[in-house]
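Colleague: I would like to learn how to read a model like this one. Can we go through it feature by feature?

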Amino acid sequence: MSLDIAPTRSADARPYAALRVRAVEPVAIEVPLGRTVANPIMAFRSSVALLVRVEDEDGVEGWGEAWCNFPRFGLRHRARLVAEVFAPMLAGRAFASPSEAWASMNAASRILRLQSGEPGPIAAAI
C-alpha cells in the first residue's frame, strides 16, 4: 500500500494571491527540562524553539519555525536577526508567493552573509 502525501493542485486551482506583509515577529521559547541532557557535544538543561509569526495586511497570520538548537544562544541570535534584519525588510512589501519572499530575503542578505561569516544562522532566520 502506498500513501501519496504530496500536495496536489487541481487544474482549476488559483495561484497564490499577492501577500502584503504587515508584521513579522520572532517568538523565542525556552522551556526548562526536568533533568540535564548530554550528548557528545554539550549538556543542556532546556529545550529551545524560535517561532516566527507573519501577519499580512488583511490580518491573516501564519507561523513558521527557525532552527536554533545549537549553539544554545542561537535562539536569541536568530530572534534578533528576524526582528532587526528581516522584519523591517519585509514590512509593507508585497510578494506573489512564499518563494518570492524567500528569494528577496536571500538576495538582500547576501552581503550580510559574506561580511558576518554567518550563512547558516542567516539562512535559518530566513
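**Reading the model**

Modeller: Start with the stretch to trust least: over residues 1–14 pLDDT stays under 50, and the model has two contacts beyond four places in sequence for them. This is a predicted model, and pLDDT is the predictor's confidence in each residue.

Colleague: What is the mean pLDDT of the protein chain, and what share of its residues reach 70 or more?

Modeller: The mean is 87, and 87% of the residues reach 70 or more.

Colleague: Which order do the elements of the protein chain run in, from the N terminus on?

Modeller: The order is β-β-β-α-β-α-α-α, which gives four helices and four strands. Of the contacts with a separation of 6 or more, 54% are between residues 24 or more positions apart. Of the 126 residues, 29% count as buried.

Colleague: How should I read burial for a single residue? Take V48: is V48 buried or exposed?

Modeller: Compare its relative accessible area with the cut-off, which for buried is under 20%. V48 is in strand β2 and has 8% relative accessibility, so V48 counts as buried. Leaving out residues up to four places away in sequence, V48 touches I29, E30, C68, N69, R72 and L75. One of these, R72, is 24 residues from V48 in sequence, with 7.6 Å between the C-alpha atoms.

Colleague: E55 is in strand β2 as well. Is E55 buried or exposed?

Modeller: E55 has a relative accessible area of 15%, so E55 is buried. For a charged side chain, look next at polar contacts. The side chain of E55 makes a polar contact with the side chain of R53, at 3.1 Å. Beyond four places in sequence, E55 is in contact with R20, V21, R22, A23, V60 and E61.

Colleague: Which residues does H77 touch, not counting those up to four places away in sequence?

Modeller: H77 touches E118 and P121. H77 sits in helix α1, and its C-alpha atom is 8.0 Å from that of P121, although the two are 44 residues apart along the chain. The relative accessible area of H77 is 27%, so H77 is partly exposed.

Colleague: And A18: is A18 buried or exposed?

Modeller: The cut-off for exposed is over 50%. A18 has a relative accessible area of 65%, so A18 is exposed. A18 belongs to the segment before β1. With residues up to four places away set aside, A18 touches F95 and A96. A18 and A96 are 78 residues apart along the chain, with their C-alpha atoms separated by 4.4 Å.

Colleague: Now pockets. How is empty space found, and what volume has the largest pocket?

Modeller: Rolling a probe the size of a water molecule over the atoms shows where empty space is left. Here the largest pocket has a volume of about 510 Å³. Its lining has 23 residues, of which L19, V52, V54, L90 and M105 are the closest to the centre.

Colleague: Which elements give two or more residues to that lining?

Modeller: They are β1 (19–38), β2 (43–56), β3 (61–66), α1 (74–90), α2 (98–108) and α4 (119–125). With six residues, β3 gives the most.

Colleague: How many residues of the lining are nonpolar, polar and charged?

Modeller: The lining has 18 nonpolar, two polar and three charged residues.

Technical notes
Residues numbered from 1 in each chain as written. Predicted model: local features only at pLDDT ≥ 70, side-chain atom pairs only at ≥ 80, totals over all residues. Heavy atoms only, no water. 1 Å grid on protein atoms, 1.4 Å probe; cavity = no way out; pocket = protein on both sides within 12 Å on 5 of 7 lines; lining within 4 Å. Points joined across faces, edges and corners; volume = space filled by probe spheres on them. Nonpolar A, V, L, I, M, F, W, Y, C, P; charged D, E, K, R; others polar. Buried < 20%, exposed > 50% of the residue type's maximum accessible area, 1.4 Å probe, protein only. Polar contact = N/O pair within 3.5 Å; in protein donor to acceptor, adjacent residues only side chain to side chain. Contact = heavy atoms within 4.5 Å. pLDDT = per-residue confidence, 0-100.
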